[in-house]
Amino acid sequence: MRERRETLAERLRVQAGHCATYGSPLYEGLLLRAADDALAGGPVWRLFEGRDVAAADSAPLSLMGAVHRLALTGRTPGLAPFLPSVAIAQGREPQAEAPDPAAAWPEFAAVIDGLRDEIADLLGRPIQTNEVGRAAALLGGFLDVAGRGRPLRLAELGTSAGLNLRWDRFRYEDAWGDPASPVRFREVFAGDRRPRLDVDARVVAREGCDRAPVDPTTEDGRLTLMCYVWADQAERFARLRGALEVAREVPATVERSDALDWLEGRLQRREPGTATVVFHSIVALYFSTEQRARLKSLLAEAGASASDDEPLAWLRFEHPDTGDPVATGWSRIGTPEVRLTVWPGGEDRSLATAAAHGPPVHWLAG
């Protein structure tokens, strides 16, 4: 019993470290206290007691997402004042001061204890995120391909709700995109280097696939996407809500499918006079070594038949390939990098690096 508690506590502490790295002090503090609570046999342990905690790497995110979901639906009035996202979702300005994890913890623990059955049901749902900030990291790659003079046909792997299939309807640094967009990136690039932003891009097809796609036009889909954004990251949360508005106006096709099977069929449907852009972001680390090799092979084979009139591009924003992160350790997977390969020719370039949630983007290419 003690060993299982320690395993759960370690999972919670590891995720607390990620939250600290990516700027969520509220979640860092709550998860550290949840780890102590699990060791002490408190409400957190009672919630997970009957679950396979040894295999539950996703347990911390599932827990935070479940509680956040209940808060967004008005079920946690005592905890809600500590969550800036709830104010934003209700159309109010969040409090200026950062929420205090120590003050929030008693309310958080009370929610877990009082709504245990509902939270337990929510823990069984797959974690599904659609990080809009990654569109800013991918922007320079899209514009590089668009600058070659062909309209774009987008094909995204692991697209979730397909929000980043609408990347061209967002606004970046008051320099590119729709000036009226509800999604605004005010500080995209760190330092002085930028990609070319004087490029027009016309998207003529938006297609993607996911094993468990989310429909962003439904209330359940919107709530699912919002609940997995960390509640004290107001800018991320506001961007997501803006992207959900865009999704209502700009259609995209998302199929329920295995990524590589879908891609194999999709690569057979290229159109003369257009550039096909296969892209993905923070997806490849969930592929096996064999799947990553197949992905590369499928694109290389399709690239062999590409032409100047029908180019093919592979744009990805991924951690360096270090093999299986479960075996090597999630903390060792490295800073995500944007790479672009374009056929004909197969030229492959490193364009930028960025955090997993997007900005600031460190542009590397000319």
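**Exercise 1. Find what covers the buried residues of helix α6.**

Cover includes α2 (25-40), α3 (43-48), α4 (59-72) and α7 (116-123). Helices here are DSSP runs (H or I, at least four residues), numbered from the N terminus. The model is predicted: local features need pLDDT of at least 70, side-chain atom pairs count only at pLDDT 80 or more, and totals for chains, interfaces and linings use all residues. Residues are numbered from 1 along each chain as its sequence is written, and side-chain values use heavy atoms, with hydrogens and water left out.

Next, list the residues being covered. Pro101, Ala104, Trp105, Phe108, Ala109, Val111 and Ile112 are buried in α6. Buried means under 20% relative accessible area (1.4 Å probe, protein chains only). An α-helix has 3.6 residues a turn, so residues three or four places apart point the same way.

**Exercise 2. Check the span of α6, then inspect its start.**

Step one: α6 covers residues 101-114, 14 in number. Step two: from first C-alpha to last, α6 reaches 19 Å, close to the 20 Å expected at 1.5 Å a residue. The expected span is 1.5 Å times one less than the number of residues. Step three: at the helix start, a side-chain oxygen of aspartate 100 comes within 3.1 Å of the backbone nitrogen of alanine 102.

**Exercise 3. Place threonine 224 and trace its partners.**

Threonine 224 lies in helix α9 (residues 219-227). Its relative accessible area is 6%, so threonine 224 is buried. Its side chain makes a polar contact (N or O atoms within 3.5 Å, one able to donate a hydrogen and the other to accept it; residues adjacent in sequence count only if both atoms are side-chain atoms) with the side chain of arginine 69, at 3.0 Å. The threonine 224 side chain also reaches the backbone oxygen of aspartate 220 at 2.9 Å. Contact means heavy atoms within 4.5 Å. Neighbours within four places in sequence aside, threonine 224 contacts Arg69, Arg125, Gln128 and Val214.

**Exercise 4. Explain why cysteine 19 and cysteine 227 form no disulfide.**

Start with the count: the structure holds zero disulfides. For cysteine 19, the nearest cysteine sulfur is that of cysteine 227, 14 Å away. A disulfide needs two cysteine sulfur atoms within 2.5 Å. The sulfur of cysteine 227 is therefore too far from that of cysteine 19 for a bond.

Now add accessibility. Cysteine 19 is buried at 0% relative accessibility. Cysteine 227 is buried at 2%.

Note on methods:
Helices (H or I, at least four residues) and strands (E, at least two) are DSSP runs, numbered from the N terminus. Buried means under 20% relative accessible area, exposed over 50%, partly exposed in between (1.4 Å probe, protein chains only).
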